[in-house]
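Hi everyone, thanks for making the time today. Let's walk through one structure together, so have a look at the model while I talk.

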Amino acid sequence: MKLPLPAPDAQAFSDRLKALIAADITHSGGWISFARFMNLALYAPGQGYYSGGAHKFGPAGDFITAPEISPLFARALAAQVEQIMALSAPQIIEVGAGAGSLAADLLLELERRGTLPTSYAILELSGELRERQRQRIARDAAHLLDRVIWLDRLPQHFDGLVLANELLDALPVHLVQWQESAILERGVAWENGQFIWHDRPAQGRLLDRAQALADEFALSFAYLSEIGLAASDWTAAWGSILGCGALLLIDYGFPRHEFYCPQRSSGTLMCHYRHHAHPDPFMLPGLQDITAHVDFTALIENGFEAGLELYGYTTQGVFLMNCGLPEILARTPADDSPLYLSQVQAVQKLASPAEMGERFKVMALGKGIEEPLLGFAEGDRSEML
Ligand SMILES: C[S@@+](CC[C@H](N)C(=O)[O-])C[C@H]1O[C@@H](n2cnc3c(N)ncnc32)[C@H](O)[C@@H]1O
């Protein structure tokens, strides 16, 4: 695929990251797992895609997320956020807050509804994004900035709402190649100045998970896919942190039987560079996003083991409708035609099954919440997990 050429300084940034990953491979004996490669490519301090200076979000970046499409996303989400806070505690932690749009728009909508949280904490790996988040909130909701704090790590204990939009798809995944008589882990080696794929027998926990999938779905000859151990571990970690509250996880993905179906025999790994999607993670490291879909069944399995309950699972489209997206649209004065039309377009993007409405899912997991959550009132798909 022909991608737009990076500017010389961006190319130099990518070359430096390439050299860092190559040195890591050499230091590790000539091979690293793909999860290690993805972790360095995205999060190597100061040098990875998220931790470095790449523009990332929006029309001038590489991809666009729901909160960047329109504040309507945050406004609809606010109904669910408000209910969870009322049933637990008025506190929010947003994990992986990107450019900070969701934080700013959600705080403004909660203020309008008279249900501001006492604190809005952001857990963000990237120093560059933390600064952008601070600037975004200072620009759009300056009077609420003193409620926002940034965390360096997961807390020891938390009551309230944990929000993560498109976090889990950005966590490193392992690649597995199932063959007729072996299960191999696909990793990365460095040869003649290039990254190359190199397979080794899978081991330990990865092998156990891959074997269980092979048994359940008869995966064999040349089936290549991802196993997201980091996403499962991250979710399960909240089992011992949450007292009373819920995680609201929004991301693209499927239940397991759809993830590992025969048609998806080359997995879901995808890269995004200036709004071009392609499957080659070795291209322009540090300048492109690398993502994989989420296996939502794995999240609940690990969540259950860690003591979390499932409160709902549905599509983003159904969830936003349950949260009152049509009523929010109706608040826009219809005589302001440019605004009204742009809002209708945003609703279409966020909720239509042909756009983000079906591909993106919303899952709520948690502890101690006794009432059904309104975002899953109609069209809950938990039984599909
Ligand atoms: C695809 S972006 C989504 C950003 C934002 N939520 C949005 O919807 O626009 C992923 C975000 O997760 C952050 N991130 C990735 N791993 C993380 C981790 N383990 N803890 C906290 N943030 C993380 C990235 O730096 C980035 O801000």
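**A walk through the model**

Let me start with glutamine 135, which counts as partly exposed because its relative accessibility is 45%. Keep in mind throughout that this is a predicted model. Glutamine 135 is found in helix α6, residues 127-140. Its C-alpha lies 9.1 Å from that of alanine 99, and the two residues are 36 apart in sequence.

Now to a helix we can take apart. Helix α13 covers residues 337-351, 15 residues in total, and from first C-alpha to last it reaches 21 Å, close to the 21 Å expected at 1.5 Å a residue. Which residues of α13 are buried? They are Gln343, Ala346, Val347, Leu350 and Ala351. These buried residues sit on the same side of α13, because the arc they cover around the axis is only 105 degrees. As a reminder, an α-helix has 3.6 residues a turn, so residues three or four places apart point the same way.

And what is on the face of α13 turned away from that buried side? There you will find the exposed residues Pro338, Leu341 and Gln345. The cover over the buried residues of α13 includes α3 (66-69), α4 (72-87), α11 (316-322), α12 (325-330) and α14 (356-359).

Next, helix α5, residues 101-113. With 13 residues at 1.5 Å a residue, α5 should span 18 Å, and its end C-alpha atoms are indeed 18 Å apart, so the two agree. The buried residues in α5 are Ser101, Leu102, Ala103, Ala104, Asp105, Leu106, Leu107, Glu109 and Leu110. After α5 comes glycine 114, with a positive phi near 75 degrees.

Let's move on to the open spaces, which I suspect many of you were waiting for. How much space lies in the largest pocket? About 520 Å³. Its lining is made of 31 residues, and the closest to the centre are Val95, Gly96, Ala97, Glu124 and Leu167. Helix α5 comes back here: the elements that give two or more residues to this lining are α2 (34-43), α3, β2 (91-95) and α5. By class, the lining of the largest pocket has 17 nonpolar, 8 polar and 6 charged residues.

The second largest pocket has a volume of about 360 Å³. It is lined by 20 residues, with Phe63, Ile64, His272, Arg359 and Phe360 nearest its centre. Two or more residues of that lining come from each of β11 (270-273), β12 (276-278), β13 (289-291) and α14. Here the classes come to 8 nonpolar, 5 polar and 7 charged. You may remember α14 from earlier, as part of what covers the buried residues of α13.

Finally, the enclosed space. How many cavities of 30 Å³ or more are there? The count is 1. About 130 Å³ of space lies in the largest cavity. It has 17 lining residues, and Gly228, Ala231, His293, Val294 and Asp295 are the ones nearest its centre. At least two lining residues come from each of β9 (223-227), α8 (229-237), β14 (294-295) and α10 (296-305). The lining of this cavity divides into 11 nonpolar, 3 polar and 3 charged residues.

That's my tour. Thanks for listening, and I'm happy to scroll back to any part of the model.

Technical notes:
Residues numbered from 1 in each chain as written. Predicted model: local features only at pLDDT ≥ 70, side-chain atom pairs only at ≥ 80, totals over all residues. Heavy atoms only, no water. Helix = DSSP H or I, 4+ residues; strand = E, 2+ residues; numbered from the N terminus. Expected span 1.5 Å × (residues − 1). Buried < 20%, exposed > 50% of the residue type's maximum accessible area, 1.4 Å probe, protein only. Arc of directions from axis to C-beta. Contact = heavy atoms within 4.5 Å. 1 Å grid on protein atoms, 1.4 Å probe; cavity = no way out; pocket = protein on both sides within 12 Å on 5 of 7 lines; lining within 4 Å. Points joined across faces, edges and corners; volume = space filled by probe spheres on them. Nonpolar A, V, L, I, M, F, W, Y, C, P; charged D, E, K, R; others polar.
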